[in-house]
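Work through the two exercises below with the structure open beside you, and try each task before you read its solution.

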Amino acid sequence: MTNFSWFIDGPIILIYIIGTLVAGLMVRKLVRGVDDYLLAGRKVDIYLGIASLAATEFGIVTCMANAELGYKYGFAGTTPGVALFLAMYIIGKTGFCIKPLRDRGVVTLPEFFERKFGKKVRWASGLVIVIGGLLNMGVFLRMGGDFLTTIFGLPPGYLELMMTIILLIVAVYTILGGMLSVLVTDYMQFIVMSAGLLFATILVFYKFDWTTLTNHLNQTYGRAAFNPFEGNTYGIDRIFLDILLAVASILTWQTTISRVLAAKDSRTGQRIYQATSPFFLIRFIIPAFLGIGALYYFSSIGVQPEREILALPSFLAIVLPTGILGILIAGMLAADMSTNSSYMLAWSSVIYNDIMEPIHRRKWTDKVGIRANRILVALIGIFLLIYGLWYPMKGDLWVYLQVTGTIYLSSMSTILIAACYWKKSE
Amino acid sequence: MILEYFWLIVLVGVVIWYIVVTILVARKGFTSLKIMLAELGLKDSD
């Protein structure tokens, strides 16, 4: 069951998609060199940085994963968001690692490592980053497809079609315009996404009221739903994991750190981090709240969603009225497109800049370099399509994202700290 | 009850912050975008 209407919500979504494509493609002619393609000529200021970073790190996959945490653990499920918020604010305030990183003017982390530890470390770290990053991103398209087929009320057979449509729209402007297109579309996507999310949150709050939702949470999970330290629902080991991962990802996650690297200077990079930090809390609190709404709604009607991960789209499709649903879907598509485009570009930049460095040795012309990057983005897109269809998602989606991210976060964060502050590393 | 109120304040607080930042980014981000594009060569970005 869904309130989605192809005649009312459909045009809202179509207008948004056409607008994004036109804006993304308009700026492609400004890309003259690899630096423009990967870092938008390092001309990002604070407001553009906030929009881009916030839009990148909030996609359908984040929303579904965090709604699932809210559905399963209540407000205790927002613990990773609290850890990320604090880590980002403190790192932004102190400039810990990110200041020396930006001051060196590198494109990627492995490039920075080479200056400290040599070429082999650069190549090896590039490989680890790409493996972890691509596996992490592998489920993005699948989750986007799942979200859309559920909210549109389509049969599961349409999943592949939805995945392909999302990929094609994103790939076209990312391949042609690189980081410049990503920044322009991120700006639009941030606004549409914010409008959609805020509408949905206020509507759910108004429709179900706070006391009803919290009483139901108390009955279902007890005090542990409000306090992650209480009971065995969330647990101290998981809180500790969240804190470590938050620090490591804020320091080294390529899509996050690339906004610091694309910033005008290190001071702007630090301010982008500080100003965006509350958004890292929002991206957990709002979806978790919607997940809590879904938990109440499905319990009250005595029906459970097909899978816990589908609780959010199933819930929104029923409780949001036609028209608002169109704005929300456009917002979620916006969130997903900005995430996919930035991630595709981030991993292609590491492959080109670090893993392929022994091949091109920085001697390729800008024209050849941009073409190589475009091919890499297209290949990553094909990988996403195949992996998304093949990998069977089990367990918490957030745990999958954490585990795949850890493939590189643990080692890279240690190397980065050593590279910045261990004098013997020179 | 204290924890429920705590989370209510957090939720309302982040929603208000989100609205303010969205308006701010929408206004100032557009100017930044135009300047960036102009610097990169799109002279007719206005």
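**Exercise 1. Describe the interface between chain B and chain A, beginning with how many residues of each chain are in contact**.

Solution. In this predicted model, the first step is to list the residues on both sides, which gives 28 residues of chain B in contact with 40 residues of chain A. The second step turns to area: the two chains bury about 3300 Å² between them, and 81% of that area lies on carbon and sulfur atoms. The third step looks for charged partners, and here the count between chain B and chain A is 1 salt bridge. That salt bridge joins the side chains of Arg223(A) and Glu4(B), with 3.2 Å from N to O, and this falls within the 4 Å that a salt bridge requires. The side of chain B that touches chain A has, by class, 21 nonpolar, 4 polar and 3 charged residues. As a last step, polar contacts across the interface are counted, and the rule finds 4 residue pairs, with both residues at pLDDT 80 or more.

**Exercise 2. Find which residues lie closest to the centre of the largest pocket, and say what lines this pocket**.

Solution. Begin with the space itself, since the largest pocket holds about 370 Å³. Its lining is made of 18 residues, and the closest to the centre are Thr149(A), Thr150(A), Leu154(A), Glu306(A) and Leu310(A). Next, assign the lining to elements: helix H9 (140-152) and helix H15 (311-319) of chain A are the ones that give two or more residues. The largest share, 4 residues, comes from H9(A). Finally, sorting the lining by class yields 9 nonpolar, 5 polar and 4 charged residues.

Key. Residues are numbered from 1 along each chain as its sequence is written. Chains are lettered from A and ligands numbered from 1 in the order in which they are written. This is a predicted model: local features need pLDDT of at least 70, side-chain atom pairs count only at pLDDT 80 or more; totals for chains, interfaces and linings use all residues. Side-chain values use heavy atoms; hydrogens and water are left out. Contact means heavy atoms within 4.5 Å. Buried area is the accessible area (1.4 Å probe) that two parts lose on being put together, summed over both. A polar contact is a pair of N or O atoms within 3.5 Å; within protein, one must be able to donate a hydrogen and the other to accept it, and residues adjacent in sequence count only if both atoms are side-chain atoms. Ala, Val, Leu, Ile, Met, Phe, Trp, Tyr, Cys and Pro count as nonpolar, Asp, Glu, Lys and Arg as charged, and the others, Gly among them, as polar. On a 1 Å grid over the protein atoms alone, a cavity is a set of points where a 1.4 Å probe fits but cannot get out, and a pocket is an open set with protein on both sides within 12 Å along at least five of seven lines; lining residues have an atom within 4 Å of a point. Grid points are joined across faces, edges and corners, and a volume is the space filled by probe spheres set on the points.
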